[in-house]
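Dear colleague,

I am passing on to you the structure shown here, together with an account of what was found in it. Please read the notes that follow with the structure open beside them.

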Amino acid sequence: MKSRIELHHELRQRILNLPGVTERQNAGIHENAFFVGGKMFMHIHGHVHCDIRLSKGDQARVLAEGKARRHRWAPEAGYVTFIVSDDKDFEPAMDLIRVSHAHFAGQQGVPQMEPPTEPPRTVITRS
């Protein structure tokens with residue numbers, strides 16, 4: 001099992017791999033704040049406490065589906081909270097982070113990653 005520091009490091013690397021993302025450490029009350037196009041879209045408190053800003057519609061959907069917790073201090077700004085406790089939490093966390101990133105990158109005109117495409121399949125027929 002990974003330590004909280006190892007989880008934090010891997011999470012940061014995954015976030016920084018998103019297009020156009022920059023990080024500011026110790027940005028106000030946020031230990032690690034992540035920006036796209038100059039707009040903060042999420043931050044991490046401690047090692048694994050992720051506060052992710054979503055559009056109001058996405059926030060309502062995510063909370064209704066139980067995919068994140070209501071943010072304690074700024075739910076009116078669209079924030080939700082997700083705790084990364086172990087490896088199995090990376091993908092659900094990154095799903096929420098990608099939704100946030102896409103929303104804020106789109107507002108800022110930041111190019112998005114192209115979805116992966118499947119390679120062409122070769123069909124072998126027998127005569």
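In strand β4, Cys-50 stands opposite Phe-82, a residue of β6. I begin with this pair since it belongs to the pairing of β4 with β6, which is antiparallel and extends over 5 bridges. Please keep in mind throughout that this is a predicted model.

To set this pair in context, the chain has 3 helices and 6 strands, and their order from the N terminus is α-β-β-β-β-α-β-β-α. Of the 127 residues in the chain, 39% are buried, and the accessible surface comes to about 8,000 Å², with 53% of that area belonging to carbon and sulfur atoms. Among the contacts between residues at least 6 apart in sequence, 50% join residues at least 24 apart.

Besides β6, strand β4 (residues 49–53) also pairs with β3, again in the antiparallel sense, this time over 4 bridges. The two strands β3 and β4 form a hairpin with 3 residues between them, and in its turn Gly-46 has a positive phi of about 60°. Along this hairpin, His-45 stands opposite His-49 of β4, while His-43 has Asp-51 of β4 as its bridge partner. Strand β3, which spans residues 39–45, is mostly covered, with 5 of its 7 residues buried.

Both strands of the hairpin also contribute to the largest nonpolar core, to which two or more residues each are given by α1 (4–16), β2 (30–36), β3, β4, β6 (79–83) and α3 (90–108). The largest share comes from α3, which gives 7 residues. This core holds 26 residues, and those that touch the most other members are Leu-11, Ile-15, Phe-41, Met-42, Ile-52, Val-84 and Ile-97. Met-42 may be worth a look in the viewer: leaving aside residues up to four places away in sequence, Met-42 touches Ile-15, Asn-32, Ala-33, Phe-34, Cys-50, Asp-51, Ile-52 and Ile-97. There is also a second, separate core of 5 residues, including Phe-35, Met-40, Ala-74 and Tyr-79.

A polar residue that you may wish to inspect is Ser-100, found in helix α3. Ser-100 counts as buried because its relative accessibility is 0%, where the cut-off for buried is under 20%. With residues up to four places away in sequence again left out, the contacts of Ser-100 are Phe-41, Ile-52, Arg-53 and Leu-54.

Finally, two remarks concern the aromatic rings. A search of the whole structure for aromatic pairs finds 0 of them. Arg-24, however, lies over the face of Phe-35, at 3.8 Å from the ring centre, and this Phe-35 is one of the members of the second core described above.

With kind regards

Conventions: Residues are numbered from 1 along each chain as its sequence is written. This is a predicted model: local features need pLDDT of at least 70, side-chain atom pairs count only at pLDDT 80 or more; totals for chains, interfaces and linings use all residues. Side-chain values use heavy atoms; hydrogens and water are left out. Buried means under 20% relative accessible area, exposed over 50%, partly exposed in between (1.4 Å probe, protein chains only). Two strands pair if DSSP finds at least two bridges between them. A nonpolar core is a set of buried Ala, Val, Leu, Ile, Met, Phe, Trp, Tyr and Cys residues joined through side-chain atoms within 4.5 Å. Contact means heavy atoms within 4.5 Å. Accessible areas come from the Shrake-Rupley method with a 1.4 Å probe; for residues, only the protein chains shown count as cover. Rings of Phe, Tyr and Trp (its six-membered ring) pair if their centres lie within 6.5 Å; planes under 30 degrees apart count as stacked, over 60 as edge-to-face and the rest as tilted. A charge sits over a ring if NZ of Lys or CZ of Arg is within 6 Å of the ring centre and within 35 degrees of the ring normal.
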